[in-house]
Amino acid sequence: MSLAFRSGRRPILAGNWKMNLERKSALGLAAAVRERVGERDDVEVALFPPFVYLDEVARLLSGAKVKVGAQNCCDEASGAFTGEISAAMLVDVGCDWVILGHSERRHLYGEGDALVGAKVKAALVAGLKPIVCVGETLAEREGKSTEQVVSRQLSAALAGVSRLDLARLVVAYDPVGAIGTGKTATPDQAGEVHRYLRGVLGGLHDMEVAKSMRILYGGSVKPDNVRDLMQVADIDGCLVGGASLKSESFLPLLEFR
Ligand code: PGA
């Protein structure tokens, strides 16, 4: 049994498909994951397809243990926001989860801390469970400002979030240098930041709620490193990009124990 489970925090395996797959491969992959997860409830599995496939994937997974989420949402509830998707729309098509503040949104599309914070609130109001991503760039790590960066990102994203809502929220630590590069942070490096983040969460409210919250690691998670990462006391699951796109690389991640 992994440490994450002994801690009382149920591990999460989240597959972020990013802008990949098409209808047929998306549905095929979702069906394979549903089949493998079956009635297992020692791990929470969630898939994050592109917006246009959410409805169909959610239908396919209806009643299954595998849940569905979106990769982003708008901070506004409705109105003249061309190209945006509201949190309520995501709930309407069967989403439970939403990823917010992913580094690709922050760095490629200029999403700042304040916008991420507004999105977190919009998602919570609609009833979604946010996975809030934080993570330093390679230059920030080399400049020894990892703690400063992730604490600023986390505090801004969670400003004004009630203790009750915090319990619905998951944090993901995605060091930018590790995403899609094959350069996973070592379990020790990741564990150090996870421990630090739990302390930040404790400072925002109290250690009791911080200890109940799940903090995922993301960045080149693969079948050959998932076990070592999941052994680390403060790593409560993984946010997986590349390896979530094929059942051959995603399904083995379920055997992380
Ligand atoms: P990767 O992506 O697994 O492809 O590195 C991880 C992420 O974006 O969180």
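Here are three short exercises on this structure, which is a predicted model.

**Exercise 1: cysteines**

Work out how many disulfides the structure holds, looking at C74 and C95.

*Solution.* Start with the cut-off: two cysteine sulfurs have to be within 2.5 Å to count as a disulfide. Now take C74. Its closest cysteine sulfur belongs to C73 and sits 7.2 Å away, so that's too far for a bond. Next, try C95: the nearest cysteine sulfur is again in C73, this time at 9.8 Å, and C95 is in no disulfide. The count for the structure is 0. While you're there, check the surroundings: C74 is buried, with a relative accessible area of 4%, and C95 is buried too, at 6%.

**Exercise 2: the nonpolar core**

Find which helix gives the most to the largest nonpolar core, then list what V120 touches beyond its sequence neighbours.

*Solution.* First, get the core: it has 67 residues, and V33, V120, L169, V171, L197 and Y217 have the most contacts inside it. The top helix is α2, residues 23–37, which supplies 6 residues. Then zoom in on V120. Skip anything within four places in sequence, and you're left with L100, P130, V132, A157, V161 and L169. Don't mix in W97, I99, C133 or A172, though: they belong to a second, separate core of 12 residues.

**Exercise 3: the ligand**

Pick out residues with an N or O atom close to a ligand oxygen, and say how much of the ligand the protein buries.

*Solution.* Begin with the side chains: H102 comes in at 2.7 Å and D174 at 2.8 Å. Now the backbone: G241 has an N or O atom 2.8 Å from a ligand oxygen. Finally, the area: alone, the ligand exposes 280 Å², and the protein buries 95% of that.

Key
Residues numbered from 1 in each chain as written. Predicted model: local features only at pLDDT ≥ 70, side-chain atom pairs only at ≥ 80, totals over all residues. Heavy atoms only, no water. Buried < 20%, exposed > 50% of the residue type's maximum accessible area, 1.4 Å probe, protein only. Core = buried A, V, L, I, M, F, W, Y, C linked by side-chain atoms within 4.5 Å. Helix = DSSP H or I, 4+ residues; strand = E, 2+ residues; numbered from the N terminus. Contact = heavy atoms within 4.5 Å. Polar contact = N/O pair within 3.5 Å; in protein donor to acceptor, adjacent residues only side chain to side chain. Areas by Shrake-Rupley, 256 points an atom, 1.4 Å probe, with all protein chains shown as cover.
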